[in-house]
Amino acid sequence: MLKLNDFTILIGGEAGQGTRLAGNLIANIFNKLGYFVYVYEDYQSLIRGGHNFSEIRVCNEKKISRKEKIDVLIGLDKNTISLHKSRLSNGDLIIFNGDRVKGEKGIQVLSDKIVKEEGGIPQMVNVTLISALVKVLGVPFDILEQVLKERIKRGIDLNLKIAKRVYDEVEKKIEVLRLRENNSILLTGNEATGFGLAIAGLEFYFAYPMTPLTSLLNFFSQRKNELKVNVFQPESEISVINMALGSAFAGKRSAVGSSGGGFALMVEAISLALQAEIPILIVEGQRAGPSTGMPTYNLQGDLFFVFGAGHGDIQKVILHPGDAEDCLYLANLGLNLAWKYQLPVILLTDKDIAENTFPVYKTMFNKLKKEEAKIFQANEEYLRYKITEDGISYLAFPGSEYIVKVNSYEHDEKGITTEDEIICSKMHEKRRKKFETLKKEMETLETVKIYGNLKSNVALIPLGICKGVALEIAEEFGFKVIFPYFLSPFPENKMKEALAGVEKIYTLELNSTGQLSTYLKMFDIKAQPILKYTGRPFIFEELREKFKNYEI
Amino acid sequence: MKYKTYCKPTWCPACPDFLIWKCFDDVLSQLENEGFSSKNFVVVAGIGCHGKIFDYLNLNSFYGLHGRAIATAQGIKLANPKLNVVCFVGDGDTYNEGIEHLIFAAKRNADIKVFVHDNRTFALTICQYTGTSPKGFKGSSTPEGSIDEPFNPLEIVLSAGATFIARAFTGHFDHMKKVMKEAILHKGFAFVEILQPCITFFDMTPIYKERTYMFESENVESKEKALEKIKEWDYKNGNKIPIGIFYKTKKSTFEEEFFKSSQF
């Protein structure tokens, strides 16, 4: 029988059958019951057919990783059952559409028949299976009703009628308890990024569609009036970032997002943003490469690419979230930093962070803010690149009483092109100075998170989505987990403090070359990389097996 | 010159780029007398000889990337629609590297003005062929002559959706001034191709002087008439070269359409 405080439901079907929405409904039902829910999304780069599934991990604590063992399997098609049956811990918790799936044991719902008899449309089949699940697990009907009313706008009465009929026909098997309200909401990493940016005062989001960032473009498109964020899809990523730099120059906080291929097209303009000192936040959601790779799967292969992005001796800020809560915090911080320091900030996520659904404590929103930039108000000639003690010049915008000149060439304080040796070196020093000022501010920020057994002599340093599974492995083996929020500038001192007393370090990375462990060598941190490069994130059990074999 | 910085010009002596600079300075002074404020003007430049105009104009300005000025300009205009956004771009800059932005800005009818300094060569990199160089152009990368034919940029922007299309020649200064002013006053995407001979590498001055003629369209809102006129000289034949306003029509702008669905 499934463990009532930690179980996984897998729902799968063909693309176009609505498994993702169904998974989202299930996640919301358990969130309402007081559970922490994490949803792993697995889908292919196609529109119809194939095999898509969502794994919904339901837990009385925050657990953000996939388990090999699943507890309930819901099949919209036969393929789902064949593919995942062996992962069930208990053979009989299979729920399926009996009109489509023949010859399987389990809880059969004659979904097509029921929907037809009630006068519904084919998409309502999903509601029959969700309702069966809810009943089998002993969840009160009113919870399902609430979730359906919140999530389904069209044909809600008919959906509820169908749901009720199934609920009454199916037999209860277990009773999942209702827990105390846990004050968490469910957000994908992209949604969390969107809220974090909006609260930092984002006014323009530009993007070209590309998995896994398309859903952030959609997020802003759907919520633009509520969040007061303008959104536009230009002709290419090159246009995306050059437009965004134009709107930032005109005084509007702007952000862009893409994956590796689209980010590649933006790289020349990242260098422009550094040289011209224009604030911009760029979300880079890594996906499986090289090249087009496996568009809907995950590989964290862009680390060095992002570090090096931009020609001409540049430094930039790279922030590193591991889940949606981190996206909320770091997207918000990132846009504020971009404006305070007038430079490009990259939020480096990955496919699983971007599109999976995570529990996010509502109190996390209290940490978010909009910080003011240095705005020019003096009654003297305005110099866009005035050399100051902290390296940061004052901002002014066109349309005001000042003349604002920004320049991709090396320039003097006014912004006029120069090839003068002294001015050139002063400007390089000025731009470097900003990073020194930023590093001072970083001393006051949470730049490194430490979890697990603080006294352990073994530390895991996970990359992005690997953080969730690292925390569970650390719990199992008594390890420490160290998670840098900044990859650049690298919080060297805080990392060294966190590593005091640690004798063995492992990185967890979804790539084949161990880029994080290589990067850490620059700071004399010697880590053994544990790698996976199948396009899917680590599964708890496979990692547990690996660590069992290590001599620790 | 009214809007002049302390920067010493580095164009070749007598380069027609000086005339474009002077022309814009004159037009802007006139516009200020007519109630415009130069503080609301933003100049966006690409990279190439033309771009140096950025340094000489004491105005709000953005010296962007090669080929990308038109993208940047649209971002500026969206962020603050009350600004008058003027792009100075080059032929290599905007017909080669950044043509996607030219086509899409025309398609959207973005309310920006584009002045192309078309010298039909990459001059600052010492003479290579561009999208409007004639076939057989002997540049440093094509010592035996370029092998493809030029396109007609006016035809491209007409089919893309530009609502103001004109050609000027630096050799007819007053006419260029009139066209430039009308372009700036046009609401919507204004495109002005300026024949600006590169007197160092590809001096077309005598040919343009002989073959250009000014015209006034009798039906400036007709796309068909515009196309006919535009095709008179296709950048390769030896025909007469019409200069003037080929097409001008009213249409809602990108910015107007963009903010229609905003309720904030």
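How many residues does the contact take from chain B, and how many from chain A? The legends below begin with that contact and then visit other parts of this predicted model.

**Figure 1. The contact between chain A and chain B.** The contact draws 33 residues from chain B and 36 residues from chain A. On the side of chain B that touches chain A, strand E2 (60-63), helix H3 (69-79) and helix H5 (99-108) of chain B each contribute at least two residues. The top contributor to that side is H3(B), with 8 residues. Sorted by class, the residues of the side of chain B that touches chain A are 15 nonpolar, 13 polar and 5 charged.

**Figure 2. Strand pairing from one chain to the other.** Here we look at strand E15 (residues 405-407) of chain A, which is joined to E2(B) by 3 bridges. The two strands run parallel. If you would like a pair of residues to find in the view, take Val406(A), whose bridge partner in E2(B) is Phe62(B).

**Figure 3. The domains of chain A, with a view of where domain 1 meets domain 3.** The domain assignment divides chain A into domain 1 (6-169), domain 2 (190-366) and domain 3 (448-549). Between the C-alpha centres of domain 1 and domain 3 of chain A there are 34 Å. Contact between these two domains involves 6 residues of domain 1 of chain A and 8 residues of domain 3 of chain A. The side of domain 1 of chain A that touches domain 3 of chain A comprises 1 nonpolar, 1 polar and 4 charged residues.

**Figure 4. An open sheet of 5 strands in chain A.** Follow the strands across the sheet and you meet them in the order E16-E18-E17-E20-E21 (chain A), with mixed pairing. Strand E16 (448-452) and strand E21 (528-531) of chain A are the edge strands; each has a single partner strand, so one side of each has no neighbour in the sheet. On average, neighbouring strands of this sheet are turned by 25° against each other, direction ignored. At one edge, E16(A) and strand E18 (residues 480-484) of chain A run antiparallel and are joined by 5 bridges. Within this pairing, Gly452(A) sits opposite Lys480(A) in E18(A). Helix H15 (residues 466-477) of chain A packs on the sheet, where it touches E16, strand E17 (458-462), E18 and strand E20 (504-509) of chain A. The direction of H15(A) makes about 165° with that of E17(A).

**Figure 5. Helix H9 of chain A and the glycine that follows.** Helix H9 (residues 237-249) of chain A has 13 residues and spans 18 Å from its first C-alpha to its last, close to the 18 Å expected at 1.5 Å a residue. Is H9(A) enclosed by the rest of the structure or left open? Of its 13 residues, 13 are buried, so H9(A) is largely enclosed by the rest of the structure. Just after H9(A) comes Gly251(A), with a positive phi of about 105°.

**Figure 6. Two cis peptide bonds in chain A.** One of these views shows the cis bond from Gly289(A) to Pro290(A), where omega is near -5°. Pro290(A) belongs to the loop between strand E11 (280-286) and helix H11 (303-308) of chain A. The other view shows Ser488(A) and Pro489(A), joined by a cis peptide bond with omega of about -10°. Look for Pro489(A) in the loop between strand E19 (486-488) and helix H16 (492-498) of chain A.

**Figure 7. Positive phi at Asn183(A) and Asp524(A).** Asn183(A) has a phi near 60°, a positive value in a residue other than glycine. Asn183(A) lies in the loop between helix H6 (156-169) and strand E7 (184-188) of chain A. With 12 other C-beta atoms within 10 Å, Asn183(A) is exposed. Asp524(A), also not a glycine, has a positive phi near 60°. Its loop is the one between helix H17 (515-521) and E21 of chain A. Asp524(A) counts as exposed, with 8 C-beta neighbours inside 10 Å.

**Figure 8. The surroundings of Lys240(B).** Lys240(B) is in the loop between helix H9 (223-232) and strand E8 (241-248) of chain B. Is Lys240(B) buried or partly exposed? Lys240(B) has 13 C-beta neighbours inside 10 Å, so Lys240(B) counts as partly exposed. Leaving aside residues up to four places away in sequence, Lys240(B) touches Arg211(B), Tyr213(B), Glu232(B) and Trp233(B). From C-alpha to C-alpha, Lys240(B) and Tyr208(B) are 8.9 Å apart in space, and they are 32 residues apart in sequence.

Key. Residues are numbered from 1 along each chain as its sequence is written. Chains are lettered from A and ligands numbered from 1 in the order in which they are written. This is a predicted model: local features need pLDDT of at least 70, side-chain atom pairs count only at pLDDT 80 or more; totals for chains, interfaces and linings use all residues. Helices (H or I, at least four residues) and strands (E, at least two) are DSSP runs, numbered from the N terminus. The expected span of a helix is 1.5 Å times one less than its number of residues. A residue is buried if 20 or more other C-beta atoms lie within 10 Å of its own, exposed if 12 or fewer, and partly exposed in between; C-beta atoms are placed from the backbone. Two strands pair if DSSP finds at least two bridges between them. Axes are lines fitted to C-alpha atoms, for helices over the stretch in contact, and angles run from 0 to 180 degrees between N-to-C directions. Two residues are in contact if their C-beta atoms, placed from the backbone, lie within 7 Å. Ala, Val, Leu, Ile, Met, Phe, Trp, Tyr, Cys and Pro count as nonpolar, Asp, Glu, Lys and Arg as charged, and the others, Gly among them, as polar. Domain bounds come from an automatic or database domain assignment.
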